[in-house]
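Q: Can we go through this structure together? I'd like short answers, please.

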Amino acid sequence: MEKAIHYNPKKIGEFLLNNALYLILGIILITVIVIEPRFATLSNIINILKQASTKGILALGCAGLIVLAGTDLSIGRVLGLSAAVTASLVQSTTYASRMYPQITEPVNLLIPLGLSIAIAVVFSLINGFGVAKLHLHAFIITLGTSLIAYGLNCIYIESQPSGSAQALSTFEQNFLDIVNKTVDVSSAVKIPYVIFYFIILALIMYFIWNKTKLGKNMFAVGGNPEAAAVSGVNVSKTIILVFLIAGVLYGIAAFLEAARVQSVGANTGINYELDAISACVIGGVSFSGGVGTIPGVVLGSIILQAINYCLYFLGINAYIQYIIKGLIIILAVSIDVRKYLAKR
Amino acid sequence: MEDELKLSELQQEPFNQAPDKGEPIERVKNNLYSGIKVSLRTMDLIILSIAVLLIITIFIGVFTARF
């Protein structure tokens, strides 16, 4: 005798609501593939992954701050400043209008990488100190540092010997190769190095989040700082360390982004913080704190980039694209709020 | 290392009582969402409305791009 399958409408409704965002994004992807079958080619998928990589690295850093029930609005501008410093040091020595004409030999790439990380870490530590010790809201302190980073970036770019504020470009080939060189799986499948960097950093972050004391303390502080404090967790130290790790990731992302875009100006990095935060929210990192996973962040970054790519591929008006992205973020946060209310 | 991790896990068990006074600690979290006063039903309606709005916007975007 066959067993009757009973569907619980309430549970189905609950499932649909909690996964509304993924369902809609899935529908968008399927629609694009139906309308434009050439979208689903391997080269397009690799392109999406390449574009998602640097922003994904930013999201990996930002996710820790959101788990702490904070955020970071300075990501884009700090990336811009770090990328500008990197770019100025790796300009081709044969380029007449380079920023440092006194550099006649290509510099060791560890120097711009180290400087890029150092700059991002300094800004992140200021943010971390403000949040942990001065108990400032992350929105305010990171907004302030964002403006400072932007100001410094503009001054730096305008200080070129030519006196102009033109974007820094024409980089050494060995620098460009760091990101754009590919591992050729076959004649059709060429995977850029930057995708591997993203995977490696995601694995490291997965280890930090799940296998170390810092990761466990981070979730404890994000979930309930008071309970964490009375349980013996050093809340300030945890917050500052999470900001420090975020800074290192921003510095690496800035270095890679400079090589990826191959031209760094005052507007490099603009709105990157929104992409990083959106990727985290889409990936299930909760703004209520204490909830989030690294696979979720990676998936969120890829989904967000895939949607950006889809909208561009369909030729949707740029202004409508902004509205769609805004609605996606609001929908993701609403679902997050709903989960919070259901748990309460 | 493993013992240390286990110990830290134990330490992170939320306490209901302050160690010295024995008074309950308020466990309401102070986060972005703690002030939200809407019902679950209202939230469902909000999510549905945004989802519909998103689908309509995408449709308009595709329609204006194609025709």
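Q: Is A:Ser278 buried or exposed?
A: A:Ser278 counts as buried, because its relative accessibility is 4%. Buried means under 20% relative accessible area, exposed means over 50%, and partly exposed is in between (1.4 Å probe, protein chains only).

Q: Where is the place of A:Ser278?
A: A:Ser278 sits in helix H12 (residues 272-282) of chain A. Helices here are DSSP runs of H or I with at least four residues, strands are runs of E with at least two, and both are numbered from the N terminus.

Q: What does A:Ser278 touch?
A: A:Ser278 touches A:Leu304 and A:Ile329, leaving aside residues up to four places away in sequence. Contact means heavy atoms within 4.5 Å.

Q: Any ground rules for the model and the numbering?
A: This is a predicted model: local features need pLDDT of at least 70, side-chain atom pairs count only at pLDDT 80 or more, and totals for chains, interfaces and linings use all residues. Residues are numbered from 1 along each chain as its sequence is written, chains are lettered from A and ligands numbered from 1 in the order in which they are written, and side-chain values use heavy atoms, with hydrogens and water left out.

Q: OK, chain A as a whole. How many helices and strands?
A: Chain A has 14 helices and four strands.

Q: What is the radius of gyration of chain A?
A: It is 22 Å for chain A, which agrees with the value near 20 Å for a compact globule of 344 residues. The radius is taken over C-alpha atoms, and the globule rule is 2.2 Å times the number of residues to the power 0.38. Along its principal axes, the C-alpha trace of chain A spans about 85 × 55 × 35 Å.

Q: And how much of chain A is buried?
A: Buried residues make up 54% of its 344 residues. The accessible surface of chain A is about 15200 Å², and 67% of that belongs to carbon and sulfur atoms. Such areas come from the Shrake-Rupley method with a 1.4 Å probe; for residues, only the protein chains shown count as cover.

Q: What about contacts in chain A between residues 24 or more positions apart?
A: They account for 77% of the chain A contacts with a separation of 6 or more.

Q: Now chain B. What is in it?
A: Chain B has two helices and zero strands. Of its 67 residues, 27% count as buried. Its accessible surface comes to about 5100 Å², with 62% belonging to carbon and sulfur atoms.

Q: Back to chain A. What span should helix H11 have?
A: Helix H11 (residues 235-261) of chain A has 27 residues and should span 39 Å at 1.5 Å a residue. Its end C-alpha atoms are 38 Å apart, which agrees. The expected span is 1.5 Å times one less than the number of residues.

Q: How many residues of H11(A) are buried?
A: 20 of the 27 are buried, so H11(A) is largely enclosed by the rest of the structure. A:Gln262 follows H11(A) and has a positive phi, near 65°.

Q: Which residue has a positive phi near 55°?
A: That is A:His135, a residue other than glycine. A:His135 lies in the loop between helix H5 (110-132) and helix H6 (138-158) of chain A. At 65% relative accessibility, A:His135 counts as exposed.

Q: New topic: how many aromatic pairs are there over all chains?
A: A search of the whole structure finds seven. Rings of Phe, Tyr and Trp (its six-membered ring) pair if their centres lie within 6.5 Å; planes under 30 degrees apart count as stacked, over 60 as edge-to-face and the rest as tilted. One of the pairs is A:Phe39 with A:Phe313, edge-to-face at 5.0 Å centre to centre and 70° between the planes.

Q: Which parts does that pair tie together?
A: A:Phe39 is in the loop between helix H2 (20-35) and helix H3 (42-67) of chain A, and A:Phe313 is in helix H13 (residues 294-313) of chain A, so the pair ties together parts 274 residues apart in sequence. A:Phe39, A:Tyr309 and A:Phe313 form one aromatic cluster.

Q: What sits over the ring of A:Tyr150?
A: The charged end of A:Arg77 does, 3.9 Å from the ring centre. A charge sits over a ring if NZ of Lys or CZ of Arg is within 6 Å of the ring centre and within 35 degrees of the ring normal.
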